[in-house]
Structure formats: structure tokens, C-alpha cells
Number of protein chains: 6
Amino acid sequence: MIIDAHAHTNGGNLGNFKAGLLASRGYHGGHYQENEEALTRAINHHKTTILDAVGTDIQFVSPRPFQLMHSEKPAKIVDWYARASNDVNALTAKIEPQRYRAVACLPQSPEIPVKEWCAELERCVNELGMIGLMINPDPTEAGNEYYPGMGEEHWYPLYEKMVQLDVPALIHSATTINPWDYYQNYFITTETSCILQMVEKRVSNTFPNLKIIVSHGGGSIPYQIGRWRSNFGRMMGLDFDEELSKFYFDTGLYNVESLELLFKIVGTDRCMFGTENPGTGSYRWPKTGKMLDDTKPLIESISWLSEQDKKNIFEDVAKKVFTRFRA
Amino acid sequence: MIIDAHAHTNGGNLGNFKAGLLASRGYHGGHYQENEEALTRAINHHKTTILDAVGTDIQFVSPRPFQLMHSEKPAKIVDWYARASNDVNALTAKIEPQRYRAVACLPQSPEIPVKEWCAELERCVNELGMIGLMINPDPTEAGNEYYPGMGEEHWYPLYEKMVQLDVPALIHSATTINPWDYYQNYFITTETSCILQMVEKRVSNTFPNLKIIVSHGGGSIPYQIGRWRSNFGRMMGLDFDEELSKFYFDTGLYNVESLELLFKIVGTDRCMFGTENPGTGSYRWPKTGKMLDDTKPLIESISWLSEQDKKNIFEDVAKKVFTRFRA
Amino acid sequence: MIIDAHAHTNGGNLGNFKAGLLASRGYHGGHYQENEEALTRAINHHKTTILDAVGTDIQFVSPRPFQLMHSEKPAKIVDWYARASNDVNALTAKIEPQRYRAVACLPQSPEIPVKEWCAELERCVNELGMIGLMINPDPTEAGNEYYPGMGEEHWYPLYEKMVQLDVPALIHSATTINPWDYYQNYFITTETSCILQMVEKRVSNTFPNLKIIVSHGGGSIPYQIGRWRSNFGRMMGLDFDEELSKFYFDTGLYNVESLELLFKIVGTDRCMFGTENPGTGSYRWPKTGKMLDDTKPLIESISWLSEQDKKNIFEDVAKKVFTRFRA
Amino acid sequence: MIIDAHAHTNGGNLGNFKAGLLASRGYHGGHYQENEEALTRAINHHKTTILDAVGTDIQFVSPRPFQLMHSEKPAKIVDWYARASNDVNALTAKIEPQRYRAVACLPQSPEIPVKEWCAELERCVNELGMIGLMINPDPTEAGNEYYPGMGEEHWYPLYEKMVQLDVPALIHSATTINPWDYYQNYFITTETSCILQMVEKRVSNTFPNLKIIVSHGGGSIPYQIGRWRSNFGRMMGLDFDEELSKFYFDTGLYNVESLELLFKIVGTDRCMFGTENPGTGSYRWPKTGKMLDDTKPLIESISWLSEQDKKNIFEDVAKKVFTRFRA
Amino acid sequence: MIIDAHAHTNGGNLGNFKAGLLASRGYHGGHYQENEEALTRAINHHKTTILDAVGTDIQFVSPRPFQLMHSEKPAKIVDWYARASNDVNALTAKIEPQRYRAVACLPQSPEIPVKEWCAELERCVNELGMIGLMINPDPTEAGNEYYPGMGEEHWYPLYEKMVQLDVPALIHSATTINPWDYYQNYFITTETSCILQMVEKRVSNTFPNLKIIVSHGGGSIPYQIGRWRSNFGRMMGLDFDEELSKFYFDTGLYNVESLELLFKIVGTDRCMFGTENPGTGSYRWPKTGKMLDDTKPLIESISWLSEQDKKNIFEDVAKKVFTRFRA
Amino acid sequence: MIIDAHAHTNGGNLGNFKAGLLASRGYHGGHYQENEEALTRAINHHKTTILDAVGTDIQFVSPRPFQLMHSEKPAKIVDWYARASNDVNALTAKIEPQRYRAVACLPQSPEIPVKEWCAELERCVNELGMIGLMINPDPTEAGNEYYPGMGEEHWYPLYEKMVQLDVPALIHSATTINPWDYYQNYFITTETSCILQMVEKRVSNTFPNLKIIVSHGGGSIPYQIGRWRSNFGRMMGLDFDEELSKFYFDTGLYNVESLELLFKIVGTDRCMFGTENPGTGSYRWPKTGKMLDDTKPLIESISWLSEQDKKNIFEDVAKKVFTRFRA
């Protein structure tokens, strides 16, 4: 069974809904009306052209992260957009339960206390049957206000709720509003920061059962692991490799050399297949003539991986982590 | 010959000088007086305990980047500190010319126009005999003001001067004042941004002879290369690998798997040995009992590298890029 | 002939385009692709259900103002969205030239100089055949930065271009980002300010041929005319009624008493029929069972208006002002 | 009996007091000393030249609103100026009780909690015999900080005190410090916002006995009523006319057409005569040769008003609302 | 002859004018109308009760500095208030030319370029016959924006005009808006800074004929002279006493010990009698039963001063510096 | 016995420690390691060349105030630097107990509550044997944020702890980050403000036993005493001289005339010898050929001081105030 643990919404009319929320700043209220028929058409098309084409059995779909506009005001439009986004995915999983499961986003406005994000998480898990959530480490979207890092106690109410509901979180930031940067790179920056912040503040001591999946192969951490072995060792006496082994990672990388590095550094028992397809990697690379985000063949081609290694990646780790997933 | 192209100042009394500049905000003027005798002692100690110990023949030393305080005000203290920092390294190379060459820093205050940075570069190259420079991509040190990215024409006066003087630049940021982040990670972030910004704006079209060396193995770029192949291909029709081949990289990584990835992705003809020793990687790792920044053995151990590959890394690329270096 | 001079875009896929621009902050470029077939369907539906239903012969359609996001950054996404918005309306007028004419919006980012807005105006008029434009008096959308009022010379490059091209401007702000206010009220506020600012600074002295149409019956000006008669008379010796007679007004009010006040205060030779249908007034009012924005019957019911008065309102004034309109 | 419910302080030495408070930022303390003799002279002059000249029997005088400087710091100077302003009016009513009653202002510094404003209200009503108060909907005077709208619970302590004391409030803002705007227009803007904010948040549900008098004929609301019928109907299912009937209005308009609109829209049983004389409308209009703020003849000239309608306007509504007024 | 070189406006109706400018933010225009009769009464009263009472022959009157509101916006109200303030003093000198001369203030808004301040200086000197001016070293009134210190070239246009017109400047700041401080102390702070800034930047080298009179005995400089002798000597090789001898000082101190220190440190040939009477020192001190600002007897009581010393202080220095003064 | 009550740290490696804290923003932790041998050498040198040379028996040494960087972030680096600074002085007093006693600094970050500063005070007094502390009246270092003045209750937790421990405080600010000013002058400014703030708010009523020593002869207060006699007398009915007699002063002035003024105004029973040697006054003045901060001879030369006066200054007052000092 091939589980793609990192995929985002397809179809739905969320773009128009978001444009209206921003234009009206919430004056029209937050009611979102999906066109179920149109969504069903989109899902069918997606199922065939994407999932079947690359041999994926099931995708865990979360909202498009770069659309989540966590830093926008008033906070209520962030909340409404999050709820609508979750509704679209819940409907997707309901329409085609064999091929999709939904992963929640939260109304992560910096003006909404973390505790209040949890209501939406509970709704998604308990009422809509979702199996996990997505966390944006920087709700300011790189705005000028400082937001507590993911190691701070500020985040503990969410971690408590995650442990209580037994759901894992995919680390994936929204956009960046800093003109110096690109959202495509801010994903990498924030995934990296998430790990450093949580290790430094020893969050795992307080929440040993917290399940964190760092997207895109863990940002820059596996590649730059040497400097963290040194820094955390010298300054805190920490074994960084041991700390890293408490996180999970998806395989959202699009070349075999980097995938190999990931598996070597963190081990296949912490990795799960994830493609973000269609998305960042959806480009037919002239050098190979193939879609960059069709990475299953790349993984299968790594000769030093055992069959169990591959099963870990494609199926077992996801099943172990997403305990609420029933095939 | 083993050339270590990435190393920073040792010895000198710059800490006290900096503390005084910040405390007085420049009221005492900018005169820096080095104690040549003490510096000579420090250099001798360093030469023996560091260079000889790991088999390095010569280091290219630049100022300690995280000390450069580019965002401090008034701008004159940034300028004075930069000049004093360069003087210390010039003196180091003068005291022990067989083992050290100096690489300049610039007075990169956001309040000082780029054109005015060039006077110090000329002084360092023409008067002090330096062979290259260091560039901080974000002179605000992650402050709230936006600074033009390295792809913008804002930076062109510096690029013109670099080409005119035929000197390469090592990309290496100063600290970050953002409490969300760590300076050790901001190095990686800014090295990554430098490449993305310069590729996006096609700086190489205007400055085909510009020589940029990205520290620490190129930030996160080699590991995350897939997403840039896709993004730049899809949006701009660019061959990202070709663009990347216009940059140089140092080997400032501290584990063999990442070094292998670097060499595979960018090729040994774009890589030069660099350790930042003593510095970030100066930690005796319990798992091996060895210093993490003693990376020469790691590189030598990579079986698939040819002798020429290794000579590229340890000597030839540095000599080719630092044309002003005469052994 | 019934001309509705105040109407906005229907159909098009601009919501998704805008959501993408904001999420990516322009990283994906500004290419907008309209689905002409879908647009044609939407227009046909609109033509029948809206125009035919209320007896309107032709609508002058401009973009939805509250969507224009003039205050967003970077400025290029404001520009791209304006261009796409104009393209949709140009296509609308091309598909159904008997029933629609297009009115341009401009890329009114506060970071883009007024002079540069004019390029888009020229494109719309000279290349796309548009007959007028829309002006947002406050490009900051009530943000914290001060923007020069419409009486300031800052705006003169636009006024010069308008006179040169002989096109009138409909005054209509975008949204407000001030949480204290509502965009529906900010329209009224800015229409009011536009008149006060232009009168105070005597813009008509410099641009006697400038044609300004103030939406929604002139904001609060006709109702509050007494205080302006007094203020401008006492402080500047101005005859405010005379100044007011240099502006045009649309009939974007939804009750007969207010329409009567408008006609009494400014005269029917300065008024043109405008409904914003579908839009603000599209509500079936329980007290009458009729759509509030179906105002043609209201105007027709005013017994003291002559036939010529009504022809002024429904046809003649619009034809006189929009000289580029050929039926 | 002709009651003018909207008039402001005449005489007193408050200008010098205010200039001193601002210059010293409160360093000299807040003691204000009125010259009772000079005030008596001013009142006598006013009584004859203003009240008698237009046939007003009694004025309800509140402080000059545009002088109240609510946004100035430190907050204590706002407080002291409010108290002195109230003292002047209390003295006025004491000197000439047949012709004047006093209406309080409050120390509405954004830095002073609403609850603390109420102490001054109690002093004015209970100790100084005042019969109502004035509310500035925007204590920031259009500064950059957001202040809760009048519909928010933030304001409830004041509403509770008003109901408890059974006093009505005249809505009248102070100045605006926004250079884009004029204080004469900000009055209209804030009066409009007050109504919208209180309707949207359904304040009347919680405070059915709260009495709010909106100055200047209700800002732009009666003229623009159509859009609010539509918006509140469509979005909230509200009958806006019914909501509007919970407010009172003064007749601070200076032309007969607008007065007619006001009476038609809200009914004479919600309107009370108010002139702000001398003030905004004090201009001898060349077209008629009469003072614009002499509006009694205008109202009397409206043929479709019954005698009771006129008695409502000139006397009965004011008496009904200002229950503490005893002729 | 007893000349009091430091005194401020008495009488006039500037408080009400200022209150109106701030309330309207300039909307009513800047026309100021003095009541000449009332001013004459005030002057006569002042002449008798103040000048005659303490034996002063003539006062040089400038506007009340703490009222000048240089930091207020828009800049035009600063300008208008400055002009009105000057007009009052010009009228004072015209009404009673034997007892008063006028000293100008300038429209020192930070938003008005220094060059434009000079037009008002020229008007005051050339048209109104004034003999000097007053300078506020900090036009921001201790606001958050940085303003160039008096040593910077920013101020040179004013210095050039002063030299050209041959008029001296009394250094005297306006108020401070910093809640941490008092305006009474900010005078001392800015007088001190003025001297330090001008000495450090060697303004006297460029303007050897510039005449600067530092109020209140030179702030803290004479008392703290030791630290400046040391600092300027050690850092710049300057003889601070020599630099100080290029400034003039008034005797605005209210005790004999401090007056003695002033005369000892700077010499009587740099000092001129100044009382600010009535003003800061107008308090009958219980310990002596005398007014503190009646300082003539204090100076006369200093036994070690020669007759010429006293004549310097009371007459000669003022006559030498205010060359436009003709008795 | 000659006690110098105002002196600062000599020797130690705090400059490098501070530079590192700022560069790393605390990432490396706060461990400070003194080189006791080097410190001993520095102390021996200082003892001979400074203390013996001018005849001082013992110095009370506090940290170099302008280095304390109270406004830097994160707050932990302020804390760490304060602790290290105290450790250096504690070690100094331990190495040479006959010649030095230590006076503490506190971690006065504006982000650290006053109550938390007291833990370090207790450590210094109870564990390290210190005899007093130093207070910076403006922890923002003249930054843009307002900090409560020393008269506010905000400071009371510190005053309570001082009284409880029976230790006096030397008032001495850190640097200023305001480019308009110099730190050398900000000392004077803040010493002045301290007195004014504490007198105005009557702190001595609540803390009659609080012991405050104002550095540098009390800022500008003794010289400008006349204006405060007047202001506090007129506005508050206070006898300023009596209030001033509740403070202590050091003799940190460098000329005999100012020292005489100080003794005349405040009396020798409130003054204690203090030189800040080596420091601000360490300059060999060409006019005398002597060091300016060698002020013992100046004081001894004042003929009108009695032997007891001089003993007060050199010994008795210090012993009385620093009750924890045992010779």
C-alpha cells in the first residue's frame, strides 16, 4: 500500500471565498458554501490523473498551506478560512474515502490564543474524522512581531490536545510576507527552526508522546547536521542525533541524492512517503522527461534500502504515526 | 598543499574595542590599537595547535562574522569596527605570511551606501594585500527594515568593484537580532537566500565574472535542489543546475554524508576546503572522539573521489578563484 | 436608452487569481488566464437575469472595487491584479458589445507613482477601448500611512492624462483595513472626502475639463450641504453650490426620498443612472418585496421630474460625459 | 417653548487653560480659575445676540467638542480639561438658569478606562445638576491606534451608568488628527459609524433604555439608508428602519431639503431641534442674506409637518429624552 | 541702564489662538487678530508692576518658548502660531518702544526645512524691527524622531542668515513631550546639548561671527565644566575654556552662589542680565520674603565684581551683542 | 582615611564577554570565566599607579556603567553581563580587601521586573559581601519606550529591598542610544531627573531611610537650584532645600569652583569624596599640568572648609552611609 502523507487540497472554491474575506475584512460573515458536484468532478479528475498515474493508493490531504493567511486581520477571517478549508477536505474524504483522508489546519492567527485553536482541532478530529493536523511554526508569516518559538510553553496547550487526541502534526508554514524572502524557501526555514527550537527547549521531556512530522525532509537539518551535533553537544551536552530521532520526516525532496542523505541520517523508521503532488515539484524536468514529484521510482531505485526500509517509507511509518487512520 | 578557505580571526583585542564602541556609541572616536606582541603570541599558538594539528598549510582568515554588528547605530561604529577587524587580519598575514592570508569585511551598515563600502574594499586589497572579501547578505541582521536582496541593482556597485579588483566574496552573514532565530542558523538561511536571489534576478548575466563562494556547503540549496529545479524551471524556464554551477562553495559541513551530497550535486570543481576552525565545528564528538571540524580525513575517505577531485577541493579551486593569492 | 453607469465585473476567475497572488506574494508571476467560455456563460446569464429583468440596455462595468487590494505588498501584485481585472472587463465588452462597456481600474499601490498608473490607463483606453476609469481616493485603504488627498498636486499627472484622453473617472474606493470601520461605509467616507479635498484646493481652476463622477449620490455631501456652504463660504469666500456643480453623480441610492434630495441639490443635469447591480443593493426588501437596487421605477415615479430630467438621468448625462461611448 | 438641544460653550477662558496644559504637559497641575464676572458678561451678550435673536428659549450647552483633545498625553491633562470645561458650563447654567442647561463631557482619554469616565459623569449629574452628556465615538481622534467601536462591550460601563442616571448622550466627536481629513467632516463620519456599530452589535438588546442622540441629522445615515437596509437585511436579517427608530437625532442641518429628508426617514418623534449656534453654521449666506444656522424658520416652513410634528421637534422630544430637565 | 535680555511675552490672546489651531488642525486658516487695546492695558500693567518694581529699564521680549509647539502637525499651524507670536511682540515694542524690544521665534517644525525658517527671521528683523531671535535646539520636543544636533550642517542656512543680518540667538527650547521629563528641566538639557554639539563639530570655525546666547546660565555646563575640559581635551585636543569663551550667557539663575560660579567660569564679558520675569523664578521665597527672579540685588551684592563687571552684565554685553538695539 | 566612593572596575575580561553575548544574543549561554591571575596583576598595577599616587586609601568599585547595556535584548544577556560584572568586582575586593570594596550593579533590563533585580542585589550583598549598589534611572538607555521615573511606585520593590538590606545606591546611568546626545552628558541628565522625580513624588515620605547618592555632584541640580526652589515652592508648597537635604552627593566634579558651589548648596555632611579615577576626568590638563581627577588637593585647598568638613567629605559621610563597610 502506498500512502502519500503530504498532499494538499484540490478543487473547491476557496480562492473566491478567501478573496471575499479579505476584500470585506469579514463584513459579510464567514459562511462558506461548497459546490459538492463541482468538487466531486475535481476529485475524480485528480484521482485518475494524479493518484493512479503515479501509483499512490491514498493521500492524506491538508489545506494549501501558503493560502492560510494566518497574519491577516481581523482574526475572524483567519478562523473562517481555516474552517472552510477543513470542510472542503472533510467533504473530499467523504466523497472518496478509499483514496483520501483529511488532515486539519488550525486558525493560527497570532491574535487567537493557542488554547482556542484546539476547538477547531477537536471539531476536525471528533466530528469530521480527521487523522492529523498541520502546524505553521510562524503565525506572523514573518511579520515584524515576534511570536514564541515552538519550544516555548506558549505552545503547550496544543501539544496537550494533540497527545490527548493522539494525532500527529505535519510542520508546514504558511506564506511569508517578508519581501526579502520567498514562501517556497520559508517552508524550509521554518521546518528547520521548528526542530532547533523544540530540541533546545527539550519539549520531548514534557511531551514524550508528541508526534511531529517535519515536511520536505526536515528543512536543512539533515544536510547541516554537523553544526548541530557540535552546537548542542558543546553548549548543552546533548546528543543531537538522539534528539532528532524523536521527530518524523516526510520525503518531500525531489532528487535521489537528497533522499539518500535523509534516509542515512534519520533512518527509514522515521520517514514517510510524501510528495505534495500536485504542488511544488509538479514540473516535468527536461533532463529526465519525468515529473519531479513522482518520487516513488527514485526511492525504489535506492539499492541499499531493504524491502522493509521501503515498506517503512511507503506504508508502515505512516500507519504507525497516524493511529486514527484505518485503511 | 592544503588551503583552508574559510577561517576567522584569532587573537586580537577586538572584543574590548567593540564593547567600548557600543558603550560610547562612538563618542571616543574609532582609533584601534593592536598589541602586536600579544597578537604574535596568539598566532603562534594557533598555528601550532590548529593548523599543524590538522595538516592545514594556509588559512584565509576573515573577521568573525557574528561579531560584525552591521545593524548597530551610529553607522560610524560599524565602519570603525570593520576597519579595525581588517587591520588585525592584515597584521596576522604580515606576521606569518606562510600560513595566513587575509579576507576583508566591509562596513555594511544599512545606513552606508553600497558604493561607500567599496573604499574599504580597495584599502584592504590595494593597501593591505587582501585576496578576497566577505559579504553579509542581510546588513539589518534580521531587523524590521527591509534590505534589498542580493539580486537587486542596489548591490551592483559592489559587484563592479569586485570584478574590477578580481576578488571573490565569501557569503557569510553576521548575527541575527530576531529572538525567534539563532545566528548559527541564520548563516544557513542567508546563504540559501543569496543563491535564490541572485539566480532569480539573473545577476550572472550582468556580471559573468563575479565570483561568489557560498559558505557552509551552500546553506540548504544542495539538499533542497529538487524544489528549485522545479520552481525555476516552471516559472522562469531556467535550468537551475546550470545556474548553480556559477557559484562556488566551501566544505563547511561536518559529516561525510553531507559532504558527499555536496560534491555530487555541485561537483568538486566548484568546491573548496573550508573548516571555520576554530569555530562552529570545534567539538570533540563523543561518538568518534574526534573534532568535528577536522574534516580533511572525511574528504580523503570518500572513495569515489579521484585524486584530482581531492586536489580540486584542497587546493586548485581556491587558487583558481583567489587569483590574488600567491603561495 | 437606459444606461447604467455604475456596475462591476461579473464572472471571471479573479478570486482564485487574487488568492494566489496574495499567498505567493507574486512569486508565481502575474500571468492571468481567463476561461473565455466560462466567462461567456456568466455574461449570458447576467445579461438575462439582471439587465433584461430591470430594463437596462447597457452597463458600464468596472472591476469590483473592494477587491482591488491597493494597499497590499509587493506593489507588483497590485499591478497584476489591476491588469487582469481590466482584461476580464475588456473581454466582457468584446463578447457582448451591445450590452457592456468597460471602465478601467488603475494599479493604485501607494508605492507606485501616480505617473506610472497612467500607463495602464492608456492601455485600457487606447488598446482595450475602455471609456472611463475608476479612482480610489485612498490607496492606503485606511492604513496608517498618510496619502495625499485628491486636491494635492500629487494627483495631477493622472488628471492631465484624463483630460488628454477625455475620459471621466468614477470615484469609488477599495476596502478599508481599519477594524473600526466597514468597507461599505468607507465608500461613503471617501466619496465625501474627494469632493471636499478637490474643492478646498481648487482643482477645477487648473483642470476645468476634468470629469469626476462621485458614486453613491455623492457620499454624504448633498445631505450635509449646509455645513459646507457655511464653512467654505466663511473661510474661503467660496460658493459651495457652484463648486459642487462641477462634479457629476451617480444615482447609487436605494430609496426615493434620497434620490429626490440628490436631484434637488445637484440637478438632473449632473446625475446619471447607476445601480451597482448586482451588488450592495441586491436585496429583496420585505417591506416592498422588490429588489432595492431596481431603482429605475423609483426615479420614474418622481412626479416633479420632467421627461427631460429623466432622459438626463437615464441617458443624456452619461452620453455627454463618456464621450468615448458610441452606442 | 423652543429648546435648542445642541449648543456649545460660549465665553470662559478655556483656550488659555488648554494652551497651558499642552505646553506644560500637566506640570503646573490642573487648577482652572474662571473669571465669573467676565463669563457673566459673555453670557449676557450671547443671550441677547443669539438666543433672543432667533427665538430660542433655552439651550442645552455642552463643551466645544473639537477642543476636547482626547488623544493628548499625559491623560491627566485630558481629565483636567474635561473637568474645567464642565465647570464653565455648570457656572453658565447657574448664572442664567432660565436660558441654559449644561450637558457634560467626559475625560475620554484612550488611556483612561471607560469605568473611570463615569466618575466625572456622576459629578456632573449629581453635583452640578447636568442633564445629559456628550460622547466622542473615537477617543483616538483618528490616531493610529485602534479603539473599540461603540458596539463593543468595552463601552458597557458607560451605558450602564447612563441608564442608571437616566441621562441621554449626544454623539459628537472631538477633532481628527488625520491630515487627510477635516474635523468638520469627522463629525459626520463618526456619527455614521456610531449608528452602524451599535446596530451591528445589537446594543439595544442589552440596553433597551439607553438614549442616544446622533448629532447633525445622523451623519450620512438617513441619506444612505438604502444601503443599510440592504446590508443589514441580507447579512443579519435585521430591519434597519426598526433599528434606526431606537436612536434620536438633532436637526443640525442647514437647508430645508435635508431637514425634510430627515423627518421623512426617521419621523419627528425621534428628532429634536439643535443648531450648534454659534458654530459651524454661523454664516450669513449670500443667496438668502440669512444666517444658515437660523433653522427654525426652515422647519416652520415645511408645509407637510403638523403642529404636533413641530412641537415634537422644538419641545416634546427634548423634554421626553432629557428627563432631568425641568423648565 | 538695566537691560533684561531674557523675557517673554505678556498679554495677547495667543492661548485661544493656539487652542483653536490645535482643535481645527489648521482648518480655519491662520489669521490672528490681536486686540490692541487689551494688549496696551496688559503692557501698561506689566511695565509698572514688573519693570519699574525691580528697576529694569528695558526688556528684550521673545515669545513664551514652552508654548511654541514645534512638534505639532500639520506644520502650517506651527508656522502660523510663530507668526502670530512675533506679531504680538512687535506690537508690544511699537506700543512702548522705550521699555521693550522684540526677539523673534521661528517656525521650527521638523517638517519645515531650516532654510524656510529664515523667511520669518527676515520678516521679523527687516519688517518688524526685531533685534534677535530664539532657537529651540530640539524641534521634535523630545519626540521619537531624531533631529540633527546644532553642530550639524543641517543648521547652517540659519547660521548664515544670522551672520548676514547680524542678529544673536537666545538658545531656549520649547516643551518636552517625553513623560519621563519636565519642560522646566528640558530647557537645561537642551542648553547643555547646544554647547556640546557646537563645540564638538567646531561650528565656530565656519561661523566665527555667530552670536549664541545660552539661557539660564548655560544649562549645566559651567558647573560640570571639569568633565568637558577632560573629554574634549583628551579626545579632540581642544581647550574647552577657549571654546566656551565663544558663547554668551544670560544670568537666568536665581541664587547668588550659582551666579558667582557663572561669572568665575565664563567671565562677565560673556554674560548679560536676564530674568525671565515674570516666569520660572516668579516666586516669593519664604526664606527671604523676596521674589526669586529679582536677581539684580544679588548681582549687585557680589563684592568681588568691579563696577565694569556689573556694567558688562547689566548693559554693555547686551549692547555689544544686540547690535540692532538702539536705546 | 581617604575613601573614594565612586570608582569603577579595572581589569577583567568583560569586554570580550560582552562582545560575545551581543554577537550570539545569548546563544552560547552566560558563563563567564575570569582569569584570576591576570586580574590580580591588573589590580596590583592599579593600586600602585592610581590609589597610591593620589593618596586614596580605599575605593568602592562598581562596574563601568556605560558598558551595562541595559536596553539590549534578549534580557538574559543583560542579566548575565550584570552577574559577571559583579563577580569581577567581588573577586577584586577579595584579592585586595584593604584597598577595595565592591558595589553592585543590577540586571536592569526594562523587560525584567524590578522585583527580579533584587535577587542579584541579595546575592551581591549577602553572598559576595558588597556594601552598596548602583542604579540606572533609565534602563531604556534613552530608547523610544517610556520607562517609569524613579518617583513611581514601579521602583518601590527595589527601595524596600535597599532599606531592608541597609545599602545605599549610587545613581549612575548606563549609556544613551540617542544619537542626539552623549553618554557623558546623559549621566548628568539622569542624575538631575532622579532628584526631580523623587522629590515630586515624595518618595522620602514612604522611604525615610532610603539612601541615595547622586553622582557627579548631583547633575545640574545645585547649579540650577533657584528654578527648583521656585517651581516646587509655587506648585507644591515644598521647601526644595529641605528635600535636597535627603540626598547624598559625591564630589565627581573636576574644578574647585564647582566643588565650592556643591559644598555651599548641600553642605559637607551630605557629600562624599568620589573621583571615578581612572575615568572621565583622567586627563592631564595643560593649564595646570595635573590630572583633572586628582581632586583631593582641590578640596584640601578650600580655605573656608573646616577640618571636620574635610573629614566629612573624605571619610565620615561614606562611613555613615555605607554601614556595611568595615575598614
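This is a short dialogue on reading chain A and one loop residue of chain F in a predicted model.

Me: What secondary structure does chain A have?
Reply: Chain A contains 12 helices and 10 strands.

Me: How does the radius of gyration of chain A compare with the globule rule?
Reply: The rule scales with the number of residues to the power 0.38. For the 327 residues of chain A it gives 20 Å, and the radius of gyration is 19 Å, close to that value, so chain A is as compact as a globular protein of that length. Along the principal axes, its C-alpha atoms fill a box of roughly 55 × 45 × 40 Å.

Me: What share of chain A is buried?
Reply: A residue counts as buried under 20% relative accessible area. In chain A, 66% of the 327 residues are buried. The accessible surface of the chain is about 10900 Å², with 48% of it belonging to carbon and sulfur atoms.

Me: Among contacts in chain A between residues at least 6 apart in sequence, how many join residues at least 24 apart?
Reply: The share is 76%.

Me: How far apart do the centres of the positive and negative side chains of chain A lie?
Reply: They lie 2 Å apart, for 33 positive and 41 negative side chains.

Me: Where is G55(F) found?
Reply: G55(F) sits in the loop that links helix 2 (36–54) to strand 2 (58–62) of chain F. With a relative accessible area of 29%, G55(F) is partly exposed.

Me: Which residues does G55(F) touch, not counting residues up to four places away in sequence?
Reply: G55(F) touches I2(F) and K296(F). I2(F) is 53 residues from G55(F) in sequence, yet their C-alpha atoms are 7.3 Å apart in space.

Methods. Residues numbered from 1 in each chain as written. Chains lettered and ligands numbered in written order. Predicted model: local features only at pLDDT ≥ 70, side-chain atom pairs only at ≥ 80, totals over all residues. Heavy atoms only, no water. Helix = DSSP H or I, 4+ residues; strand = E, 2+ residues; numbered from the N terminus. Buried < 20%, exposed > 50% of the residue type's maximum accessible area, 1.4 Å probe, protein only. Contact = heavy atoms within 4.5 Å. Rg over C-alpha atoms; globule rule 2.2 N^0.38 Å. Areas by Shrake-Rupley, 256 points an atom, 1.4 Å probe, with all protein chains shown as cover. Lys, Arg positive; Asp, Glu negative; His and termini not counted. Charge placed at Lys NZ, Arg CZ, Asp CG, Glu CD.
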